[in-house]
Number of protein chains: 2
Amino acid sequence: MSNKIYFTPGPSQLYHTFNDHFREAIKNDVPSISHRSAAFIKIVEESTEALKALFNLPDNYHVFFLNSANEAWDRIVQNLVEISSHHFANGSFSKKFHDFALMQGKASTVNLVNDGSSYLDLKIPEDSELVGICKNDTSVGYTFTEEEMAEIRQQNPDKLIALDVVTAAPVLPVDFSLVDTAYLSVQKAFGMPAGLGVWMVNDRCIEKAAKKATKSNIGSYRSVLNLKKFSDKYQTPETPNMLFIYIIGKIAQDFLNYGAERMRNDIVYKSAIIHQVIEAHPALNHFVESEKHRSKSTIVVNTTNQKAFLDQLLENGLVLGTGYGPHKKDHLRIANFPAHSRESVELLCDIMQNIG
Amino acid sequence: MSNKIYFTPGPSQLYHTFNDHFREAIKNDVPSISHRSAAFIKIVEESTEALKALFNLPDNYHVFFLNSANEAWDRIVQNLVEISSHHFANGSFSKKFHDFALMQGKASTVNLVNDGSSYLDLKIPEDSELVGICKNDTSVGYTFTEEEMAEIRQQNPDKLIALDVVTAAPVLPVDFSLVDTAYLSVQKAFGMPAGLGVWMVNDRCIEKAAKKATKSNIGSYRSVLNLKKFSDKYQTPETPNMLFIYIIGKIAQDFLNYGAERMRNDIVYKSAIIHQVIEAHPALNHFVESEKHRSKSTIVVNTTNQKAFLDQLLENGLVLGTGYGPHKKDHLRIANFPAHSRESVELLCDIMQNIG
């Protein structure tokens with residue numbers, strides 16, 4: 001590894017145990033054993049159970065391995081939406097989920113507000129079958145609160161709710177009983193290279209997919225029904241990214257050993273000191289105006305002096321994210337994941353407050 | 001790595017340079033840099049161009065990165081088949097491609113013969129839009145000859161031809177001008193962990209997908225048209241398995257440096273000495289009767305004494321594949337990939353001929 005520390009919001013810094021787990025995987029021939037072997041079934045079991053424990057998943061949930069959050073958008077629409085879904089969108093990633101639904105020919109609707117702005121209401125059209133919410137939009141650093149999720153759940157008991165937890169889980173507290181399906185990719189908070197997605201679905205999703213399958217197509221090898229059939233035996237429909245499935249289980253176990261609550265408290269501490277720097281610095285402003293909607297894991301900052309911050313931090317080996325999409329030149333994005341130690345964040349803060 | 005050598009047909013033995021490339025990738029922060037950075041665009045370019053050179057791809061071909069050959073089956077049907085495709089099937093994997101077409105609701109047809117048997121004819125229904133051929137069915141070790149592929153091409157100039165080269169490329173000579181699209185996964189002949197697929201398509205496929213898109217759905221982020229749009233700039237629609245895209249380029253370059261022809265000659269030599277052992281041994285028989293259809297890269301052997309072979313080879317650290325599906329207990333499957341050195345194959349042969 002170089003001497004740099006990546007505060008980019010994903011791909012990001014590798015978690016400090018990643019290389020050890022990789023070496024152990026190679027030593028144990030994880031990339032060469034059969035994906036149908038007892039040894040690999042045990043790996044899938046251990047990774048699945050570690051993730052369930054880490055996320056405190058309700059009993060009626062299943063864990064499937066995909067390749068990315070993009071794939072999860074696709075599979076959710078393909079399996080769980082017949083006619084229409086509704087999406088809350090105020091950033092590039094929450095918008096993209098709606099785009100994916102349209103690309104699959106759905107009559108999906110969107111509550112679209114300016115990037116990073118709060119939603120004016122949480123109403124959902126009567127005929128939406130599924131509601132898409134982004135817990136933490138990585139492009140703008142906007143967080144949906146647990147209270148809002150509870151309200152949506154309460155007012156829409158018959159609709160499925162899909163939650164994007166890409167930069168949210170396991171670093172922000174998420175109550176998975178308020179939603180029916182959630183998904184993430186591992187190059188964010190898990191501190192892994194890109195190439196694996198985790199898709200969690202509850203029994204209501206299985207039932208909906210089974211119902212949809214009687215009327216229309218829900219896909220082939222990675223339909224919900226096929227994924228569940230294999231996952232029930234801790235297997236996968238095809239040869240998956242075995243190495244990364246092994247490693248995510250080990251990292252999830254590391255998080256559990258460290259203490260999931262303690263890890264989330266670290267995130268709170270580190271976000272607090274970054275927020276202090278932003279609030280004290282004349283050249284920096286929070287992009288998200290509403291304080292309770294500011295993400296603690298992906299901190300997005302407006303600045304008129306982006307280049308100075310990026311350059312001077314890079315001179316010190318710290319790599320920050322630029323803005324995403326239309327905000328490319330105006331924002332700094334700072335990831336706050338378990339891979340970012342307290343010390344590295346304190347160093348970041350020390351340098352930032354003296355820039356400009 | 002353990003002291004074992006995996007002759008299993010995939011997942012299989014890692015190529016001997018894999019670990020070095022992994023370490024170099026980590027040193028260069030490949031898992032942490034942005035997938036939109038100039039550095040990663042250069043990686044995609046180098047990997048794409050190395051693969052084009054290795055496969056001697058015609059100029060009208062494009063290289064896309066997927067996650068597996070299973071995904072390629074799905075995407076081919078989704079993008080390139082409106083009503084019907086036709087499939088040649090005499091093993092589990094060639095059958096599965098047909099199954100995938102049916103699961104997507106296509107009226108696809110199949111020329112199905114007994115596992116490992118030769119096809120009685122190469123006729124294709126008039127209204128098939130695409131022909132699915134498995135160059136080398138990994139489950140039974142049956143190879144389609146280049147002459148047969150040329151005949152199909154000549155007699156069906158208007159149909160698209162899709163070639164499964166999962167255990168065939170780059171170890172068997174394949175003339176990609178005889179087909180329109182081909183695909184593989186990297187845990188076979190490239191000696192890598194599973195989790196990356198390579199999908200090659202020519203301009204005829206792009207045109208067909210564009211035509212299909214005007215009438216029906218061709219998918220979202222990984223439609224042929226979207227993949228091409230990004231691949232034209234050496235990018236990918238989403239954050240891909242960046243680490244493996246880096247490594248496949250390096251291994252392709254290793255093969256080119258060694259000499260692609262020389263590597264294929266090694267495959268011929270190693271298969272010849274394995275074939276000699278099979279033919280001389282009273283307890284072993286080729287599963288594929290037709291000599292010219294026997295795979296040189298996935299050698300499938302009938303045996304009445306499977307356990308003795310598996311156990312005694314394993315005592316010597318050599319792991320062979322069992323049979324696939326219905327042949328689980330009756331066959332030995334022996335992979336012959338670049339990761340299997342001449343010395344390791346000679347050792348395998350020495351031990352095998354003294355068993356039983």
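**Exercise 1.** Leaving aside its neighbours within four places in sequence, which residues is A:F190 in contact with?

*Solution.* Keep in mind that this is a predicted model. Start with the lower numbers: A:F190 touches A:Y15, A:L51, A:L54 and A:F55. Next come A:A169, A:P170 and A:L184. Finish with A:I248, A:I251, A:A252 and A:F255. Now zoom out: the largest nonpolar core has 144 residues, and A:F190 is one of those that touch the most other members, along with A:F176, A:M200, B:F176, B:F190 and B:M200.

**Exercise 2.** Work out how helix 9 and helix 11 of chain A are oriented to each other.

*Solution.* First, find the helices: helix 9 covers residues 260-280 and helix 11 covers residues 342-353. Then check the geometry: they pack at about 5 degrees, with their axes 9 Å apart. Angles under 35 degrees count as roughly parallel, so that's what these two helices are. Who makes the contact? Helix 9 of chain A brings A:D266, A:Y269, A:K270, A:I273, A:I274 and A:V277, while helix 11 of chain A offers residues including A:R342, A:E346 and A:L348. Sort the contact residues and you get 8 nonpolar, 1 polar and 4 charged.

**Exercise 3.** Map the open sheet of 4 strands in chain B.

*Solution.* Write down the order, 11-12-15-14, with antiparallel pairing. Strand 11 (284-286) and strand 14 (321-322) are the edges, each pairing on one side only. Next, look at strand 14 and strand 15 (residues 331-335), which share 2 bridges; here B:T322 stands opposite B:L332. Last, add helix 10 (residues 306-315) of chain B, which lies across strands 11, 12, 14 and 15 and runs at about 40 degrees to strand 15.

Key: Residues numbered from 1 in each chain as written. Chains lettered and ligands numbered in written order. Predicted model: local features only at pLDDT ≥ 70, side-chain atom pairs only at ≥ 80, totals over all residues. Heavy atoms only, no water. Core = buried A, V, L, I, M, F, W, Y, C linked by side-chain atoms within 4.5 Å. Buried < 20%, exposed > 50% of the residue type's maximum accessible area, 1.4 Å probe, protein only. Contact = heavy atoms within 4.5 Å. Pairing = 2+ DSSP bridges. Axes fitted to C-alpha atoms, helices over the stretch in contact; angles between N-to-C directions. Parallel < 35°, antiparallel > 145°, perpendicular 65-115°, else oblique. Nonpolar A, V, L, I, M, F, W, Y, C, P; charged D, E, K, R; others polar.
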